[in-house]
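Work through these short exercises with the sequence and the model side by side. Each task is followed by its solution.

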Amino acid sequence: SLSLPSLSVEQGDFRLTGSLQAQSLVSDPSSRSFKGAMDLSVMDVADLLSRNGVELEMPELPVREITVNSEFNLQGTSVTASPLSLSVAYRGQPTQFTAPSLVFDFADGELKLKEFQLAQDDLQLRGGLSGSNLLDDISAMAAEGRLELTIGDLPDLLLRNAFMESLPPGIPVGVDAELGLTLSENTLDLTGLEATLDDMTVQGNASIVNLAEPGYRFDLGINRLDLDAMFPAGEGEAESEKPSTAEQLLLPVAPFQGLDVKGQARIGELVTTGITLNDVDLVIDSTDNVLRVSPLSARLFGGEVETHLTYDVTAEAPTLKLQASTSALEVGSLLTALAVTDKVEGTGNLDVDLSGQGATLDQLLGSLSGNIGFLLRDGALKGFDLQATLLKLEDEIARYRGKESEARPSPDAETKFAELSGSFRAVSGVFANDDFAMKAP
């Protein structure tokens with residue numbers, strides 16, 4: 001047995017004080033036991049390692065100061081810290097970790113951690129974890145737990161901890177989240193996710209399968225997602241930082257090669273490129289270098305749309321296939337929102353079936369082949385009045401024949417129609433129409 005009721009170790013700014021009691025030191029190792037208490041502080045971790053001959057590969061150690069306070073009990077291969085308090089200065093930010101009890105067995109890598117708390121400024125992480133085989137290969141590890149997260153200012157947190165060098169302008173500020181996690185058979189499952197990011201709420205489940213070469217699975221419900229606010233086009237970008245025209249038109253290939261994603265999402269309101277889609281329901285499947293979004297259905301501008309998209313990056317020049325159909329769509333509102341034209345009004349159907357291939361956007365557009373069909377009802381073509389032109393022609397003929405022209409009201413500068421239909425056949429980027437038809441008064 002060994003008794004050290006008062007223990008003190010110092011080296012530079014390294015300080016360790018506490019007490020130690022040991023039993024059965026010369027007996028069977030499984031019966032040995034150590035217990036005691038310690039207060040440890042290191043003011044400069046990098047300096048401590050350096051002066052003791054430990055070379056660091058990283059240019060700057062993110063953790064500078066460490067303070068540990070705990071009572072401990074080591075029995076055989078199992079150590080218990082109860083309670084445990086750990087303070088570190090991570091990139092200059094005071095960070096505190098506390099737990100009423102931590103138990104770890106080095107023989108089987110078993111962990112039991114209850115009611116722990118991690119705090120840094122306005123970050124609060126709470127929960128409990130348990131696991132086994134944590135010292136083995138990741139495929140053999142197992143763990144489960146429940147976490148609660150609160151962040152008052154997410155952009156500030158990411159920047160002050162150097163997790164990211166720059167942030168999208170619309171990144172959420174406040175975060176509240178709760179989820180359960182399970183690690184088993186090389187798969188990490190996140191279940192019962194409930195998160196609030198500013199005015200956006202997210203619920204559902206997600207998984208990462210085959211952690212060595214990760215694949216992602218998800219089933220999520222989102223009340224509102226504003227992509228325009230999160231990723232405003234060109235905002236804050238200096239002229240010298242903007243890519244060249246060739247770079248802007250280059251289609252992405254590498255991010256989708258080897259991408260393994262399968263999941264579905266339901267979004268109450270999705271804002272993108274100035275358009276608001278409601279009741280969005282989408283299914284994503286990305287395997288074998290082919291991204292499929294099929295189907296993507298939504299309501300917009302009074303109508304419904306269903307889209308099927310395939311993006312194949314197997315070859316150096318990606319291939320795109322797009323099929324879409326709409327019904328009862330306010331086409332004029334859509335064209336105005338897309339900044340195509342504000343000269344068309346009407347409600348109707350639009351069917352698209354196009355495919356193309358190219359390394360750049362110009363090449364893709366130049367290769368498009370397929371069909372586009374449209375049928376609009378009860379609409380108008382603005383800026384040109386066919387009726388007024390015909391009436392003016394009648395008046396000119398009447399005057400030529402020596403007759404008085406009739407007094408006619410001045411019509412609006414638009415051509416109203418009961419029905420407008422047609423189709424385009426696309427071959428290698430050339431769109432041709434020969435069935436344009438309009439029924440009008």
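Buried means under 20% relative accessible area, exposed means over 50%, and partly exposed lies in between. Note that this model is predicted.

**Exercise 1.** Classify F256 as buried, partly exposed or exposed. Then do the same for Y311.

*Solution.*
- Step 1: F256 has 21% relative accessibility, so F256 counts as partly exposed.
- Step 2: Y311 has a relative accessible area of 10%, so Y311 is buried.

**Exercise 2.** Name the type of aromatic pair that F256 and Y311 form.

*Solution.*
- Step 1: The centres are 5.5 Å apart.
- Step 2: The planes make an angle of 80°. Angles over 60 degrees count as edge-to-face.
- Step 3: The F256 and Y311 pair is edge-to-face.
- Step 4: F256 sits in the loop between helix 4 (245-249) and strand 15 (261-272), and Y311 in strand 18 (residues 303-312), so the pair ties together parts 55 residues apart in sequence.

**Exercise 3.** How many aromatic pairs are there? Work out the type of the Y90 and F163 pair.

*Solution.*
- Step 1: The count is five aromatic pairs.
- Step 2: The ring centres of Y90 and F163 are 6.3 Å apart and the planes lie at 40°, so this pair is tilted.
- Step 3: Y90 belongs to strand 5 (residues 78-90), while F163 is in the loop between helix 2 (154-160) and strand 11 (175-184), so the pair ties together parts 73 residues apart in sequence.
- Step 4: Y90, at 22% relative accessibility, counts as partly exposed. F163, at 51%, counts as exposed.

Notes. Residues are numbered from 1 along each chain as its sequence is written. This is a predicted model: local features need pLDDT of at least 70, side-chain atom pairs count only at pLDDT 80 or more; totals for chains, interfaces and linings use all residues. Side-chain values use heavy atoms; hydrogens and water are left out. Rings of Phe, Tyr and Trp (its six-membered ring) pair if their centres lie within 6.5 Å; planes under 30 degrees apart count as stacked, over 60 as edge-to-face and the rest as tilted. Helices (H or I, at least four residues) and strands (E, at least two) are DSSP runs, numbered from the N terminus. Buried means under 20% relative accessible area, exposed over 50%, partly exposed in between (1.4 Å probe, protein chains only).
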